[in-house]
Amino acid sequence: MQDLLDSALARIAAAQTADDLEAVRVEVLGRKGVLAQLSKDMGKLTADERVARGKFINAAKQALESAYDAKKSAFDHDALAIRLDSEWMDLTVPAPGVPPGSLHPITQIQWEIEDLFRSMGFTVLDGPEVETEFHNFDALNIPADHPARDMQDTFWLDGGHLLRTHTSPVQVRGMEKLGPPLRMIAPGRVFRNESVDASHEHTFYQLEGMMIDRNVSVGNLIYFMKTLLTAIFKKEVTVRLRPGYFPFVEPGFELDIRCLICGGPGCPVCKQSGWVELLPCGLVNPHVLRKSGIDPAEWNGFAFGLGLTRLVMMRYAIDDIRWLQSGDLRFLRQF
Ligand code: DAH
């Protein structure tokens, strides 16, 4: 009996894993285990022998159970230690946080120009992106049968509406709303129905400007345009003025700047010409003033339409316009 007990205790002691131990438990303490064997022939014993056997069995049961419990709790303790080790985390480590965003480069340049013109007494106006045919074309001296309508490939909507092809309709809204004398700029998004390449987008940004007063001259226009370009590029840029045709100005000009990407020899942005058309402008056509209820005998003015998108490309030497609306964070994080 003592041998049976000793070998059972030895098997418990030898268990290497929790699974081993469980198997040993079934063998030793289970229904067909050592204790069951010890009780097997009780019926054949005398009363005294039975008492002695009973005591032995009780002591054996206790010895086996406590050996098992000790071994089991050692395994449990090890398993817990392993889990605590692998699942531990330092709750005092600061969270990584959200990386800060930044303003889109077009917004940045727009706000700079707004600040500049505000400091010179200009009001910043906003206008609708879905415009009427009247504001986008007719009021700007571009009637329905006028060939100038073909200069701007238009997204037409129902009911005489369209996606504005330029910010110039905000000139009309400014004249209607504020009357002369008037100094206004209007930044915003414009749309053209054209195929996209490195220098053309269907959606881009312009900034319109208009000044109406008594005796406004081309000299005034040039002064404001030079002030603008010096502030933006923070250096002297080479410019040239060419005659340009826009039905809402007379005379009209194209102000070009030397391509800041290639510096002259030619690249895709300047279409190999070395010059970039940046600033169409001119003196407001008297028809336009009259259409908005302003007397051209008393008032005149200048207007300009700055390509904000193109300006950003020049400033940061971006050689493909498609980056600007790509939403690509690798691009945007640089600003
Ligand atoms: N609206 C013209 C365009 O998008 C640009 C323009 C030309 C605006 C001459 C003006 C201007 O204010 O005077 O092509």
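Reader: What makes the pair between an oxygen atom of the ligand and the side chain of Glu208 a polar contact?

Author: The distance. An oxygen atom of the ligand is 2.6 Å from an N or O atom in the Glu208 side chain. A polar contact is a pair of N or O atoms within 3.5 Å, so this pair counts. The model is predicted: local features need pLDDT of at least 70, side-chain atom pairs need 80 or more, and totals for chains, interfaces and linings use all residues. Side-chain values use heavy atoms, without hydrogens and water, and residues are numbered from 1 along each chain as its sequence is written.

Reader: What makes Ser168 and Phe304 polar partners of the ligand?

Author: Ser168 has a side-chain N or O atom 2.8 Å from a nitrogen atom of the ligand. Phe304 uses a backbone N or O atom, 3.2 Å from a ligand oxygen. Both pairs therefore meet the cut-off. The protein covers 94% of the 360 Å² of accessible area that the ligand has on its own (Shrake-Rupley method, 1.4 Å probe).

Reader: Which elements give two or more residues to the shell around the ligand?

Author: Strands E5 (203-213), E8 (275-284) and E9 (300-307). Strands here are DSSP runs of E, at least two residues long, numbered from the N terminus.

Reader: How do you know that the protein chain is not a compact globule?

Author: Compare the radius of gyration, taken over C-alpha atoms, with the globule rule: 2.2 Å times the number of residues to the power 0.38. For 335 residues the rule gives near 20 Å, but the chain has 44 Å. The chain therefore does not fit the rule. Its C-alpha atoms fill a box of roughly 140 × 45 × 35 Å along the principal axes.

Methods: Polar contact = N/O pair within 3.5 Å; in protein donor to acceptor, adjacent residues only side chain to side chain. Helix = DSSP H or I, 4+ residues; strand = E, 2+ residues; numbered from the N terminus.
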